[in-house]
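Biologist: I would like a close look at one part of this model. Please take me through how two helices pack, and then what surrounds them.

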Amino acid sequence: MAAGFLREVAGDRIEVRSAGSMPADQINPIAVEAMSELGIDITAEQPKVLTTEAVQASDVVITMGCGDACPFFPGKRYEDWELDDPAGQGIDSVRPIRDDIRRRIEALAGELLA
């Protein structure tokens, strides 16, 4: 969801990478539905493993609870966003998570694009 929002807000002005320390086999269909409600299509996304190379190539790394499982490199900007996991939750529970992610992404994009 975060990558979908960032692509929507920043277009090609920010390169977006999305990956996880323990990605699921497929994108969460409820997350797809929640984003679709806002006109953002994330159906083409595929879960990917977060690699050391991806972190090294990034200026800002946003994590969502991966802790020690995520690679760390001095000099990178890291933010750990504490969010409820939408996995296994219904649409009514995922909407507030989606909206929280949206607010955070809009603030981050505003900073990065200023």
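**Where two helices cross**

Modeller: Helix α2 passes helix α4 in a right-handed crossing. The two axes come within 9 Å and cross at roughly 65°. Keep in mind that this is a predicted model. Those two values are the usual way in, because two packed helices are described by the angle between their axes and the distance between the axes.

Now look at the side that each helix brings. From α2, the contact is made by Ile30, Ala31, Glu33, Ala34 and Met35. From α4, it is made by Ile91, Val94 and Arg98. Sort these residues by character, and six are nonpolar, none is polar and two are charged.

Next, the core. The largest nonpolar core has 22 residues. Helices α1, α2 and α4 each supply at least two of them. Helix α4 gives the most, with seven residues. Some members have the most contacts inside the core: Met1, Phe5, Leu6, Met35, Ile42, Ile101 and Ile105. Met35 also belongs to the contact between α2 and α4. There is a general pattern to keep in mind here: in soluble globular proteins, nonpolar side chains tend to be buried together.

Follow Met1 for a moment. Leaving aside its neighbours within four places in sequence, Met1 is in contact with Ala31, Met35, Ile42, Pro86, Val94, Ile97, Arg98 and Ile101. Among these, Ala31 and Met35 are α2 residues of the helix contact, while Val94 and Arg98 are α4 residues of that contact.

Ile97 is another of the residues that Met1 touches. Ile97 lies in helix α4. Its relative accessible area is 6%, so Ile97 is buried, the cut-off being under 20%. Not counting residues up to four places away in sequence, Ile97 touches Met1, Asp84, Asp85, Pro86 and Gln89. Asn28 is 69 residues from Ile97 along the chain, and their C-alpha atoms are separated by 13 Å.

Now turn to charge. Side chains of opposite charge can pair when their charged atoms come close. The structure holds ten salt bridges. One of them joins Arg95 and Glu37, at 2.7 Å from N to O. Arg95 lies in helix α4 and Glu37 in the loop between α2 and α3, so the pair ties together parts that are 58 residues apart in sequence. Arg95 is partly exposed, with a relative accessible area of 27%. Glu37 is partly exposed as well, at 38%.

A second pair stays inside α4. Arg102 forms a salt bridge with Glu106, and their closest N and O atoms are 3.4 Å apart. The two are four residues apart in this helix, so about one helical turn separates them. Arg102 counts as partly exposed, at 34% relative accessibility. Glu106 counts as partly exposed too, at 40%. Elsewhere, salt bridges that share partners join Glu37, Asp92, Arg95, Arg98 and Asp99 into one network. Arg98 is thus a name to remember: it is also one of the α4 residues in the contact with α2.

Last, a pair that involves α1. Arg7 forms a salt bridge with Glu45, with the closest N and O atoms 3.1 Å apart. Arg7 is in helix α1, and Glu45 is in the loop between α2 and α3, 38 residues apart. Arg7 counts as partly exposed at 34% relative accessibility, and Glu45 counts as partly exposed at 23%.

Technical notes: Residues numbered from 1 in each chain as written. Predicted model: local features only at pLDDT ≥ 70, side-chain atom pairs only at ≥ 80, totals over all residues. Heavy atoms only, no water. Salt bridge = Lys/Arg side-chain N within 4 Å of Asp/Glu carboxyl O. Buried < 20%, exposed > 50% of the residue type's maximum accessible area, 1.4 Å probe, protein only. Contact = heavy atoms within 4.5 Å. Core = buried A, V, L, I, M, F, W, Y, C linked by side-chain atoms within 4.5 Å. Axes fitted to C-alpha atoms, helices over the stretch in contact; angles between N-to-C directions. Left-handed = near helix turned anticlockwise from the far one by under 90°. Nonpolar A, V, L, I, M, F, W, Y, C, P; charged D, E, K, R; others polar.
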